[in-house]
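Here are a few friendly notes to read alongside the model. Keep the structure open and try to find each spot as you go.

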Amino acid sequence: MTPPLLSLILFVFEAAVVILSLDRVVMLRTSRPLWPLQRVIPSPRSSASLARRSYASAVDLSNYPKPGDKLYGFTVKRTEQVPEFELAAIQLQHDKTGAEYLHIGRDDSNNVFSIGFKTNPPDATGVPHILEHTTLCGSEKYPVRDPFFKMLPRSLSNFMNAFTSADHTTYPFATTNAQDFRNLMSVYLDATLHPLLNRLDFTQEGWRIGPENPLAVGPDGQSESPLVFKGVVYNEMKGQMSDASYLYYIRFHEHLVPALNNSGGDPPRITDLTYDQLKAFHAEHYHPSNSKILTYGDLPLEDHLKKLSEVLAKFEHASVDGDIKLPIDLSEPQSVTVPGPLDPLIPADAQYKTSVTWSMGNSMDMVERFSLSVLSSLLLDGYGSPFYQGLIEAGLGSDFTPNTGFNAMGKASTFSVGLTGVKKDAVKEVRKRIDDIILETCERGFDKIKVDGILHQLELGLKHKTANFGMGLMQRLKPDWFNGIDPFDSLAFQRTLDGFKERYAKGRYLEELLETYLLNDRVLIFTMEPSASYGEALAAEETARLDSKIHEVSSQFSSPEEAKRHLEKQELELLDAQENARQQDLSCLPTVHVSDIPRVKPTKEVRFSSLDNVKVQWREAPTNGLTYFRAVHKLDGIPDELRELIPLFTDSIMRLGTRNMTMEKLEELIKLKTGGISVSYHSSTSPHNLRQYEEGFVLSGRAFDRNVPAMYDLLRMLILETDFDSPEAEKKILQLLQSSAHSAMDTVAEAGHAYARRYAMAGLSPEGQLREQTSGLTNVKLTTLLATRTETGALRDVIQKLRAIQSFAISNTQSLRVALNCDADSSKSNRAMLSEFLGTLPSNVNIPSSQKSGHKFPRNAKTFFPLPYQVYYSSVVVPTVPYVNSAGASLQVLSQLLTHKHLHHEIREKGGAYGGGAFSLGLNGIFGMMSYRDPNPQNTLNIMSEAGTWARDRNWTERDLEEAKLSVFQALDAPESVSQEGMTQFLSGVDPEMQQRRREQLLDVTAKDVKKAANEFLVKGAKDASTALLGAPKEWTGEQSGWIVKDLGMETAQLADPASDIAAET
């Protein structure tokens, strides 16, 4: 179960995924960013006054202009210091166009830029989404094809993307390099305000009709390939709509806010969008008068203003559509039922999704908005929450629906609660039970300890230093800003928190909110019922629509044959344009250089000590009074039948409680005393030998220094004292299994390429096999099978194995190692607290004896998983070398070259997939290629099979190598949170000397090295390749075509059989 987050303070916590520099998977997503720097003619007042300003501190308001000051065509409206976030906020407005600009000064070198536009979608054709793609396909100042993707390898940015939200579109980037910031700002501004919007780009990114394989011709020289719908966004949204959770949310939102159409686009409607409509939408919405611009970091405001002023000065003021779309009037109850897909992995009789939604009013009261988010958390967050216990634990459903929680849509807000995995005859009971829970909660009230726990999480979140604070802040502010909320109100967190505390202190404040907003029948009940014919109906609709569109085209020609030749000719023209773009002169695009990358990277010093038999790694750095704890308990020879249950074990210990304490009470203590604790499976390949690895458990947690003993005690209790023998244990474990099973199809649909990669790797390395068993399709199969064991006692053997895992999960032995990141002043007390914790752990544990794995995953094989998706996911992998081998650097550079110079072009631009590229997993010793939401996998696999020869025979230029190295170092030199410092060495064994050696090797890679790696590992090594493909079965995916077909459907559950069923003998 994923608990709802407090929407008001989302940005307090980590906002982005940390990319480990060892293993980078390159996946080019649909969205991107661009902007122009141009010289500015300063206003008479601004230049002189600002030139005298010292920007020594980005937080000091005295270093900024004052309200009313005019400079570079902007007027300063307000300034404010926000001490809780250590930042200064300056709000300005462009005098000529009215463009709104918010600068957030902070002593943070990871600078962020974003421009966004209000883009209420007029229909469900996805015009905002398709425009987001096509704006990035070339501009007046940068008239090259697809400058966004071509800028990716010319930048040291740690974030570049673009987002199409429900009612606005945003183009952000982040970088620590000042020249890179100026380059990207120039490209982003020109792309959004002066795009070329070529027709061919619209057909590539949006939609078109063309031959499935335009180069396939028959004996008569005519095309034999059938006509199909094509387009990157079209295929992206077909894949997105394959996610049943996403589909449920979209259909719900369409009924809740019918005035706000699906901005991403509904495939049946996307094909109604015309090129002229796209251009008109840009002209109407992508104007400075309709924009909101944000900069963040330590770069001078004056520099930003100069660039912005030069660009915006070319525009006049324009009227814009700033309409804020509101939910429907719920003064009378409403009920809607829509059809949805049938999930083949779970029982057909329990696939209803139903929810109840209330309007929470249209309020600008930030304290009340915050209070409602706290109320939502109290109702929904955790296994002890009223709605979890009263709905899921009561057996009415398997998990909450994706719309569950408090949703603040600017001035308007709603609250929803619903269930997935509901039986047909229980749908009405869900509604009744929700009302009962609300009434019972009103009468009982909320325990103060639960509210205190939430406030403690907020306090800790404010102190937790993240590497991507600016990007998280931008993502938090922009949605509200576009919907009428003053960004200064959003930033005033302490004021809002103080207001909440004042109201809460008066008594029954939260209960009164509950009574005011939820004790009524003014609701929308939204239900999705499963339909066995849903997929067939979707396919039939697309076929009929395609026939209709072809008929429209044919009416303009003398015959259907001539119309088909016209469509084929258009497809070839697009192919020619795509091919010509490969040789395009890119000298107009700005770039940073490899010479900007320091050859030696400063290391974050760590020291080591020993407590009895336990090795301790210390990273002493400013942490704002927080201690970050990790421990790895290394285990040897875990039997397969236990290893595959470790994910269930780690879920169970966070669910069952102990003999002396319920999980509800444990959750209260976790929130009140820590910033979160976790136990998970750990495995890592040796950097020296690919056949050697370690596996075990990794424990982690963070807490204020004063609460470290409580954190340790909670970890110890969860691991050693969880009660697997309680009368409720089997029921709760079954609920965990069913919740995972009900989300399995959507989880795979969201990251199918990763599941394909994991399965393909399983036959190539011992550690790859472990990962597949614990987090791959093998584990998905096991989970869905065990979830069908609904009879009392049917999970007895599973519980016995979970107890066995508990017996050796943690010990105070040489198999345990610990890492602590803390303030230097707290290291002495931390040593004492750790010593006391270690003394409470068992010193001798026995791991059940194990034969070596009986499971053999296919090697040098093609494996196909039939799944009811509208698009495909693929991965091809080959074994390479250990991390310390110098060839690993050449392989990393090769992965970037293949991605940016070949695979992106062939798989995404020509093939229409949402993503495609190469990856080099240095620590795993794996090189591979993948595609994501791919409509043409057969062609993709052919491209991948020839990629090695293509790379070996290409004449790589110094510019090619320069760009590939820049791409590699985007991840290597990305900012790192203090909590992550030293973790590469601790978790993988790759020490700073190894990292520095790899850094130098990367900088020194030559064209000869790349060609050698391509020949050795991709051409000669092709015989060792493994392939995995996920998607709908076709004639060519059968065993007669050399595929091993693996079914994830439900069968009789036998423990440890799923892996052997999916695995195949070598």
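**Rings, charges and strands**

1. Let's begin with a charge and a ring: R106 lies over the face of F469, with 4.0 Å to the ring centre. Please keep in mind throughout that this is a predicted model.

2. F469 also has company. One aromatic cluster is formed by F85, Y296, F370, F469, F493, F500, Y504 and Y509. Try colouring these residues to see the group.

3. How many aromatic pairs does the structure hold? The total is 38. Take F370 and F500 as an example: their ring centres are 5.4 Å apart and their planes stand at 75°, so this pair is edge-to-face, since an angle over 60 degrees counts that way.

4. Where do these two rings sit along the chain? F370 belongs to helix α11 (residues 366–380) and F500 to helix α17 (residues 493–505), so their pair ties together parts that are 130 residues apart in sequence.

5. Are F370 and F500 buried or exposed? F370 has 0% relative accessibility and counts as buried. F500, at 1% relative accessibility, counts as buried too. The reasoning rests on a cut-off: buried means under 20% relative accessible area.

6. A second pair to look at is Y869 with Y873. The ring centres are 5.9 Å apart and the planes are at 80°, so this pair is edge-to-face. Y869 is buried, its relative accessible area being 4%, and Y873 counts as buried at 0% relative accessibility.

7. Y873 falls within strand β26, which spans residues 872–879. This strand pairs with β28 in the antiparallel sense over 7 bridges. One bridge joins P879 to its partner I926 in β28.

8. Strand β28 (residues 926–934) is mostly covered, with 9 of its 9 residues buried. Strand β27 (residues 915–921) pairs with β28 as well, in the antiparallel sense and over 7 bridges. Here G916 stands opposite S931 in β28.

9. What links β27 and β28? They form a hairpin with 4 residues between them, and in the turn G925 has a positive phi of about 70°.

10. Another charge over a ring is worth finding: the charged end of R817 sits over the ring of F986, at 5.2 Å from its centre.

11. Finally, a record to set beside the model. An unreviewed UniProt entry lists residues 528–786 as "domain: Peptidase M16C associated". Over residues 528–786 the chain is 51% helix and 18% strand, and the end C-alpha atoms lie 25 Å apart.

Note on methods. Residues numbered from 1 in each chain as written. Predicted model: local features only at pLDDT ≥ 70, side-chain atom pairs only at ≥ 80, totals over all residues. Heavy atoms only, no water. Phe/Tyr/Trp six-rings, centres within 6.5 Å; stacked < 30°, edge-to-face > 60°. Helix = DSSP H or I, 4+ residues; strand = E, 2+ residues; numbered from the N terminus. Buried < 20%, exposed > 50% of the residue type's maximum accessible area, 1.4 Å probe, protein only. Lys NZ or Arg CZ within 6 Å of the ring centre and 35° of its normal. UniProt positions renumbered as here; feature names shortened; annotations may be inferred. Pairing = 2+ DSSP bridges.
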